[in-house]
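Okay, thanks everyone, let's get going. I'd like to walk you through a structure that's probably new to most of you, so have a look at it first.

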Amino acid sequence: MRKFTLIIAAVFIATTAMAQARHATKTTTLAQTAQHLYSNKQAKAPAKAGEEPIFDIPEGTVYENLYATSDAMGLGFGGFYYQDVDGGIGGVVEGSDGCLYIYAPISQTYIWFTQLPWLKAEKNADGNYVLKTPQVYAYDAGDPYYAYRMKWVEDEQKCFVDEENTDIVFSWNDGVLTQLDDCYIGLGDTDGEWFYMADKNIVYRPQTDQTVSAPEGLSPDNYLLTYRSSAKNESATKERMVNVIIDGSDIYLGNINDNTPDSYIKGNIDNGKAVFASKQYIGPDAYYGGHAYVLTGNAFIDGEEDSPFFNYNLTDNIIFDVDDEGKTLTATYPASMITNIGPNNLYIISDYVAPKLTYVEDKAATPANPIFTADDLMKFNENSGMGKMSFEIVLKDTEGGKLNENKVLYNIYLDDQPLTFTPDVYTGLTEEMTDVPYKFQDTSNYDIYIYGGKHTVYYYTNDFSKIGVQTIYRAGGEEHRSDIVYVDVAELGINNITGEKNANKWYNLNGLEVQRPAQKGIYIHNGKKYVVK
């Protein structure tokens, strides 16, 4: 099920050379966010009422994970920004109906919507494809938003719907999609008002870069990656557990990006030095809407004196000093590694300044109990058909030692039975899952996500009297489990919440009738769920 999540990447421009994707909380609807930017209402455009976005992959030949480039604008918090898109995720379907379907051509909408559409283009006499606009793109708080052909008006510093020509033409040759018209495809409401997201010069091409796999038959060792975390404080550091494989003179470094955990970068060890080349591909990162790479660079401190940040001059490689046993690898400041969308422009996912890798013994341990109380439980609501639980997985063992988060999982229990997440209920999954990895997030529907150090899970049944969570730790060739920490929902009356199902009313998830919602959250109206961001 599609729902609002507190974890959506918001884009802030740090410098003209560095656009960094960061996490932010959505607090308003699209209309509320953009309202203060409007000065003049645009002419009403011929929006097509009653249509639904195409979210399911159309029938036909599918070209997935294409490499997208475009000149883009996006809606930020306080204004719009420019984005030179390099390494976005595109998709095309050669439809069985003879049409071409283009996946999410307005690139920055990935920040605002958890589901993105396919737009339909019809073949013309020249053998190209015409995307006729407006086409419905998404819904927000029950209101439709459309893709329009738009033109930039310099005096207004805005995009406006092109009322003279509503078609956008693309070519599709040898697996490459190219926009032929010099116009924007932009997002607008039913009245044609622009919502500060638009792209032009769109190109989708095959992704030819390949990820690196771990050598067969070799298991990774655990290493602790420690790195500088503050441009203000030289001694401030952060850490994460990563995977390292040393195979003769070859060295593989994996799990340095949360959303591509199985990919590695490859380096070479010679004469006490480990060298990793820049621009190694680590796979599509659906959370950030782009193809992820590992870049290398030299850090320098940028920004104002009271709010400095690390910026980077990109380099060809990063060099680590390696001790005699290969247990410690150290890169000296300003050497840095950067996980990034695309290989050419800084669009940073994570940055590791002066990284140091230290071997950690893989040993069995019993995990500490998770933290889960009645205050962390949102009661099941019969109007919405769901409830929500939040909990903290403690990354310590019962003796206070640190756990390798890459080897931590958890189970959700309904009464005494572990909950199996199935794709028919949890539609963001492709297969059943009972043991949930610590870092797992459902980036399609956000039934399962992490925010502020807590895990959140939605549930869609009230056929139980207590709900619990248990931590699992698989390390040192053994599996150990914490206690199951339960909340007795029967005593709270959580399973007895009912509410009037009236098609003319709005309800929140507590079953209370509300006015047409303006606050963030999930609401039920006419038997459907609407998301207010």
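I'll go through some salt bridges, then one strand and its partners, and then a few backbone oddities.

Before anything else, keep in mind that this is a predicted model.

So, salt bridges. How many does a search of the whole structure find? The count is 15. I'll pick out a few.

Let's begin with R149 and D162, whose side chains meet at 3.2 Å, N to O. R149 sits in strand β9, residues 143–153, while D162 is in the loop between β10 and β11, so to reach from one to the other you go 13 residues along the chain and link distant parts of it. Are these two buried or exposed? R149 counts as buried because its relative accessibility is 10%, under the 20% cut-off. D162 is buried as well, with a relative accessible area of 9%.

Next up, D258 and R240. Their closest N and O atoms are 2.9 Å apart. D258 lies in the loop between β17 and β18, and R240 is in strand β16, residues 237–247, so this salt bridge ties together parts that are 18 residues apart in sequence. The surroundings here are mixed: D258 is partly exposed at 36% relative accessibility, whereas R240 is buried at 10%.

Then there's K454 with D376, where the closest N and O atoms are 2.7 Å apart. You'll find K454 in strand β33, residues 454–459, and D376 in the loop between β26 and β27, so the pair ties together parts that are 78 residues apart in sequence. K454 counts as partly exposed, at 30% relative accessibility, and D376 counts as buried, at 13%.

One more thing before we leave this topic. R240 and D258 come back here: together with E405 and K439 they are joined into one network by salt bridges that share partners.

Okay, on to the strands, and please find β14, residues 194–205. Which way do β14 and β3 run relative to each other, parallel or antiparallel? They run antiparallel, and six bridges join them. If you want a spot to zoom in on, A68 stands opposite Y204 in β14.

Strand β12, residues 176–179, also pairs with β14 in the antiparallel sense, over two bridges. There, T178 has V203 as its bridge partner.

And β13, residues 184–188, is joined to β14 by three bridges, again antiparallel. In that case G186 is partnered with A198. β13 and β14 form a hairpin with five residues between the strands, and G192 in this hairpin takes a positive phi near 85°.

That brings me to the backbone. Most residues other than glycine have a negative phi, and most peptide bonds are trans. Let me show you some exceptions.

A cis peptide bond joins T133 and P134, with omega at about 5°. P134 is in the loop between β7 and β8. Another cis bond runs from Y333 to P334, with omega near 15°, and P334 is in the loop between β24 and β25.

For phi, look at D174: it's not a glycine, yet its phi is positive, about 55°. D174 is in the loop between β11 and β12, and it counts as exposed, at 78% relative accessibility. A354 isn't a glycine either, and has a positive phi of about 50°. But A354 is in a strand, β26, and is buried, with a relative accessible area of 17%.

That's my tour, so over to you.

Definitions and conventions
Residues are numbered from 1 along each chain as its sequence is written. This is a predicted model: local features need pLDDT of at least 70, side-chain atom pairs count only at pLDDT 80 or more; totals for chains, interfaces and linings use all residues. Side-chain values use heavy atoms; hydrogens and water are left out. A salt bridge is a side-chain nitrogen of Lys or Arg within 4 Å of a carboxyl oxygen of Asp or Glu. Helices (H or I, at least four residues) and strands (E, at least two) are DSSP runs, numbered from the N terminus. Buried means under 20% relative accessible area, exposed over 50%, partly exposed in between (1.4 Å probe, protein chains only). Two strands pair if DSSP finds at least two bridges between them.
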